[in-house]
Each structure stands twice: as structure tokens, then as C-alpha cells.
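Got your viewer open? Let's take a walk through this model together, one selection at a time.

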Amino acid sequence: MNRHLLVAAVTGAWLACSLSAGPAAAQTGAQPAAPAAADQHVLSSQDIDLLRKDLRSQKKQLMAQNLKLSDQEATKFWPIYDQYTAELVKINDKKYSIIQQYADQYGTLTDQQALSLVQQWGEVDIGAAQLRAKYVPIVAKAIGGRKAATFGQLDRRISLMIELQLSSKLPLAQR
């Protein structure tokens, strides 16, 4: 993996997650968070929206730095990438809704609520993987197989790094 990709992705994800870290995110496993008031959002919708826009911008920059395209290939690829991103945003809307629900209910989750949220998160992960699998052949038609594979690898790696950072900031459900 390109060193620039690794450094930029980890730094960007860390910064983005640090900026969005609320009281629940700051908890360690040793000390459970106090329940949030029913109307209090640990992570505001505005914070999440800003975080997501920043992550999308950084992800696109990393893709551009690491996916070497000719001018002709770029003309074909970037509209496809933008379409892919628009569809991924819809999937990630659900993920960030789940995170918001979890943050809002942390400390008061029932067994059923906790299971529902983790199952929904798994469904979001499956949806994102299916979307990537759908777009790799579309990208391949535009820029060729090796570059499409590189797109898939880069997208997955960046997404996994962001997911790791995000997940590490959320306290475990078991208190």
C-alpha cells in the first residue's frame, strides 16, 4: 500500500473521529458511560454530517493520489466514482443513524435494542460490500481490469481504516 495512502487515511480517520468523539466515545471499557438524557444527542447530526463530508473529500483525494489514471481514463472514471459515492452515502446514512441511536441509548440499551442495532450495522456492511462488488465491473469497463481492481482495493482499505477508527471510538454495549 502506498505510504501516502496509509498515513493520510489513518490521520484523516483519527482526526475525524476525534472531532466527533462525544462523552460516550471517550469512555473506556473500565468505566461505563452515564446514560444520556432522552433528548440529548451525544453526537449531533451536524457533527456527523461534517465528519462525513470531510471523510468523503479525503477518500476522493486518496483515491486520486493512488489510482493513476490518464486524462481519458479520469474523464470516464470520476463520474462513475461520484455515482458510486452517492449510492454509498445512502447506505452510510443508515450506518450513521445506527451510530446516533446507539450513542443516544448508550447505557440504557435493552438486550433486544442492542441486538437490533448490531444486526442493522451488519446489514449496512453487507450493503456496502455489495455496492463495491456492483461497481468494480462498471469501473473495469471504463478503465480496465487492473485499475478497477485497484479501485476496489483502495476503496475497501480506506473504508476498513475508517471503520476501525470509528468502531474503536464507540464503547462496547456490555457494561
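Start by selecting α3 and α4: each of these helices supplies at least two residues of the lining of the second largest pocket. Bear in mind as you look around that this is a predicted model. Which of the helices gives the most to this lining? That's α4, with 4 residues.

Now pick out the lining itself. From α3 and onward along the chain, select Ile98, Tyr102, Leu109, Ala114, Leu117, Val118 and Trp121, which are among the residues lining the second largest pocket. Then add Ser167, Leu170, Pro171, Leu172 and Ala173, which line the second largest pocket too. Try colouring your selection by class: this lining has 11 nonpolar residues, 1 polar residue and no charged ones. The space they surround comes to about 270 Å³.

Next stop: the largest pocket, with a volume of about 490 Å³. It's lined by 23 residues, and to find the middle you can select Lys59, Leu88, Asn92, Lys95 and Ser159, the ones closest to its centre. Which helices should you show around it? Go for α2 (45-66), α3 (71-105), α4 (111-143) and α5 (145-169), because each of them supplies at least two lining residues under the helix assignment used here. The largest share comes from α3, with 8 residues. Colour this lining by class as well, and you'll get 11 nonpolar, 3 polar and 9 charged residues. Compare that with the second largest pocket, where the lining has no charged residues.

Now hide everything but α5. How many residues does this helix have? There are 25, and the helix reaches 36 Å from its first C-alpha to its last, close to the 36 Å expected at 1.5 Å a residue. Bring the rest of the chain back and look for the buried residues of α5: Ala148, Phe151, Gly152, Leu154, Asp155, Ile158, Met161, Ile162, Glu163, Gln165 and Leu166. Notice that Asp155 and Glu163 are on that buried list.

Finally, zoom out to the whole protein chain. How many helices and strands can you count? You should get 5 helices and 0 strands, running α-α-α-α-α from the N terminus on. Of the 175 residues in the chain, 39% are buried. Switch on the surface, and you're looking at about 10,200 Å² of exposed area, with carbon and sulfur atoms supplying 56% of it. Last thing to try is showing contacts: among those with a separation of 6 or more, 77% join residues 24 or more positions apart.

Methods
Residues numbered from 1 in each chain as written. Predicted model: local features only at pLDDT ≥ 70, side-chain atom pairs only at ≥ 80, totals over all residues. Heavy atoms only, no water. 1 Å grid on protein atoms, 1.4 Å probe; cavity = no way out; pocket = protein on both sides within 12 Å on 5 of 7 lines; lining within 4 Å. Points joined across faces, edges and corners; volume = space filled by probe spheres on them. Nonpolar A, V, L, I, M, F, W, Y, C, P; charged D, E, K, R; others polar. Expected span 1.5 Å × (residues − 1). Buried < 20%, exposed > 50% of the residue type's maximum accessible area, 1.4 Å probe, protein only. Contact = heavy atoms within 4.5 Å. Areas by Shrake-Rupley, 256 points an atom, 1.4 Å probe, with all protein chains shown as cover.
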